[in-house]
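Student: Could we go through this structure together? I should like to begin with the helices and then move on to the sheet.

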Amino acid sequence: MSSPETPKPKWLSEPKTAAIVGCPFSGGQPKPGVDQGPINLVEAGLISQLSELGWQVKFDGHHQFEEIKASDDPPIGVLKNPRLVSRVTQSVAEVVSSHVKRGELPVTLGGDHSLAMGTISGTLSQYPDACVIWVDAHADINTPETTDSGNIHGMPVSFLLGLGSKIPEFSWVKPLLKPGQLVYIGLRDVDAGEKRILRENGIKSFSMHEVDKYGIGKVVEMALDHVNPQRDRPIHLSFDVDALDPSVAPSTGTPVRGGLTFREGHYICEAIYETGLLIALDLMEVNPSLADDVSVQQTVAVGCSLVRSALGEVLL
């Protein structure tokens, strides 16, 4: 059940509506299966679970991107599947923007985290002052110059900030995100080039070191104080399940030991909901093909549970 004390969501229309944006997309990284994440989350009952929390839920099927073909998409420099990723994320940006404009809360289910290039672009097109809370083991802020792999799921934040060389195929991505609007929670696997980018741009990051040092309650408070000091700006929460420790969410593409506990991950979602400022949510990188059946069910269940917490489920 949801809490009566939570402030009324400031930017959402009544009746409050969650729009499920299912994105079975894996083009930003090489491992098959992450495109099945959103399908598994919906099949696990997410829509009825959100309805029980008092949300109207809109879901008209997963986006299939049928007209977008990956076959004729050679690398641009080291970037893999650049045209496919660009076209898919642009289409996601348009969908998310339309939901935000109508006062609906888009819940984008990924798919790989390159999709956030689209979701956050969509949010910022309607609310340029929105802040982004990025919960992840990885910073995903490599540029075309710093990436070792060429996998674009490790690069969406640099595109959103307008860093690195300009790739014509991604000219639709406007650098609407400013460093002061972004904060990370849960980082623990950051490339050397990314560390430099974070330092040079003064981007606030709370790694697992800070979570250990201060506790998750204090970290969320400090993160909000940095990007939303007056608690008056909309919040886009982009949550990669690999922020959680692999013992909690094993079925994901790039697991890293030493992550958030089950409760720490849920606390972040609960605390963001309590602000009344959430206007968009991403849940990314559930990959049902990368573990045994029990681990897959566990990861999918945790994914659904995180979404419920971000949309108002409380413990008492």
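**Helix packing and the sheet**

Tutor: In this predicted model, the axes of helix 9 (residues 262-275) and helix 10 (residues 293-310) come within 7 Å and cross at roughly 30°.

Student: Is helix 9 roughly parallel or roughly antiparallel to helix 10?

Tutor: Angles under 35 degrees count as roughly parallel, so the crossing angle of roughly 30° places helix 9 in that class relative to helix 10.

Student: Which residues in helix 9 and helix 10 meet?

Tutor: Helix 9 contributes Phe262, Gly265, His266, Cys269, Glu270 and Tyr273, and these meet Val302, Ser305, Leu306, Ser309 and Ala310 in helix 10. By class, this contact has six nonpolar, four polar and one charged residues.

Student: Now the sheet. In what order do the strands run?

Tutor: Eight strands form an open sheet in the order 2-1-3-8-7-4-5-6, with parallel pairing. Strand 2 (56-58) and strand 6 (204-207) are the edge strands, each pairing on one side only. From one strand to the next, the twist averages 15°.

Student: Which strands does helix 4 touch?

Tutor: Helix 4 (residues 116-126) packs on the sheet and touches strand 3 (105-110), strand 4, strand 7 and strand 8 (278-284). The direction of helix 4 makes about 175° with that of strand 8.

Student: And which strands does helix 9 lie across?

Tutor: Helix 9 lies across strand 4, strand 5, strand 7 and strand 8, and runs at about 170° to strand 7.

Student: Why is strand 4 described as largely enclosed?

Tutor: Five of the five residues of strand 4 (residues 131-135) are buried, so the rest of the structure largely encloses this strand. Cys131, Ile133 and Val135 point one way, while Val132 and Trp134 point the other way.

Student: How many bridges does strand 4 form with strand 7, and how many with strand 5?

Tutor: Strand 4 pairs with strand 7 (residues 235-240) in the parallel sense over five bridges. With strand 5 (residues 182-187), strand 4 pairs in the parallel sense over four bridges.

Student: What stands opposite Trp134 in strand 7 and in strand 5?

Tutor: Trp134 stands opposite Ser238 in strand 7 and opposite Tyr184 in strand 5. For Val135, the bridge partner in strand 5 is Ile185.

Student: What about Tyr184 and the largest nonpolar core?

Tutor: That core has 98 residues, of which Tyr184 and Leu311 touch the most other members. Helix 3 (residues 82-101) supplies the largest share of the core, eight residues. Not counting residues up to four places away in sequence, the contacts of Tyr184 include Trp134, His138, Val157, Leu198 and Phe206.

Key: Residues are numbered from 1 along each chain as its sequence is written. This is a predicted model: local features need pLDDT of at least 70, side-chain atom pairs count only at pLDDT 80 or more; totals for chains, interfaces and linings use all residues. Side-chain values use heavy atoms; hydrogens and water are left out. A nonpolar core is a set of buried Ala, Val, Leu, Ile, Met, Phe, Trp, Tyr and Cys residues joined through side-chain atoms within 4.5 Å. Buried means under 20% relative accessible area, exposed over 50%, partly exposed in between (1.4 Å probe, protein chains only). Helices (H or I, at least four residues) and strands (E, at least two) are DSSP runs, numbered from the N terminus. Contact means heavy atoms within 4.5 Å. Axes are lines fitted to C-alpha atoms, for helices over the stretch in contact, and angles run from 0 to 180 degrees between N-to-C directions. Angles under 35 degrees count as roughly parallel, over 145 as roughly antiparallel, 65 to 115 as roughly perpendicular and the rest as oblique. Ala, Val, Leu, Ile, Met, Phe, Trp, Tyr, Cys and Pro count as nonpolar, Asp, Glu, Lys and Arg as charged, and the others, Gly among them, as polar. Two strands pair if DSSP finds at least two bridges between them.
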